[in-house]
Amino acid sequence: MQEAAKPRSMPLDPVEEAAWRAVARAVLVVPKALDADLIAGCGLNLAEYIVLVNLSEAPHRTLRMYELAAESTLTSGGVTRLVARMERQGLVTRGQAEHDGRGMTATLTAAGLQRLQQAYPAALASVRTNVMDHLADLDLESFAAAVADFGQNRHQAAEGPPPA
């Protein structure tokens, strides 16, 4: 049986407060640790690695720039600058969207895929050390489902329930 929703402005109980603070700390600390480990281990930063991963998983290893921005949580300007830098390194190419020509795309190159494959062991080791080791005793399916929902109902929660 599910507990009734608490009013949005009700103070957090001690367990909720501890959970909130743990999430806030993880959101700040984990990306910095992953970034530092990746730079030390393979010379890529976390944003570059995420771009390479997303492109490697996309059909034809190509994504529209706005899709890449959404997947990497970068701004459109941030992803444009990052992809331009990665293009100069030969890791990606940029081009006009094939079907409508209005948007820009990024495509993973063979060199980019090779760089991703080289970076994977360092990334995996960092994720295990900085994330998975801390979650070892949790129900990972439930945890993943809860975290995946972060930000999904942002507008609904801010607006409150619909008028009766």
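## A tour of the chain

Start by selecting the whole chain: a compact globule of 164 residues would have a radius of gyration near 15 Å, but this one has 19 Å (taken over C-alpha atoms, with the globule rule being 2.2 Å times the number of residues to the power 0.38). Switch to the C-alpha trace, which spans about 55 × 40 × 25 Å along its principal axes.

Before going on, note that this is a predicted model, where local features need pLDDT of at least 70, side-chain atom pairs count only at pLDDT 80 or more, and totals for chains, interfaces and linings use all residues. Residues are numbered from 1 along each chain as its sequence is written, and side-chain values use heavy atoms, without hydrogens and water.

Next, colour by pLDDT, the predictor's confidence in each residue from 0 to 100. The chain has a mean of 90, and 90% of its residues reach 70 or more. Now select residues 155-159: pLDDT stays under 50 there, and the model has one contact beyond four places in sequence for them (contact means heavy atoms within 4.5 Å). Where pLDDT is low, the predicted coordinates should not be read in detail.

Turn on the cartoon and you will find seven helices and three strands, as DSSP runs numbered from the N terminus (helices are H or I, at least four residues; strands are E, at least two). Follow the sequence and the pattern reads α-α-β-α-α-β-β-α-α-α.

Finally, colour by burial: 27% of the 164 residues count as buried, meaning under 20% relative accessible area with a 1.4 Å probe, protein chains only.

Notes. Buried means under 20% relative accessible area, exposed over 50%, partly exposed in between (1.4 Å probe, protein chains only).
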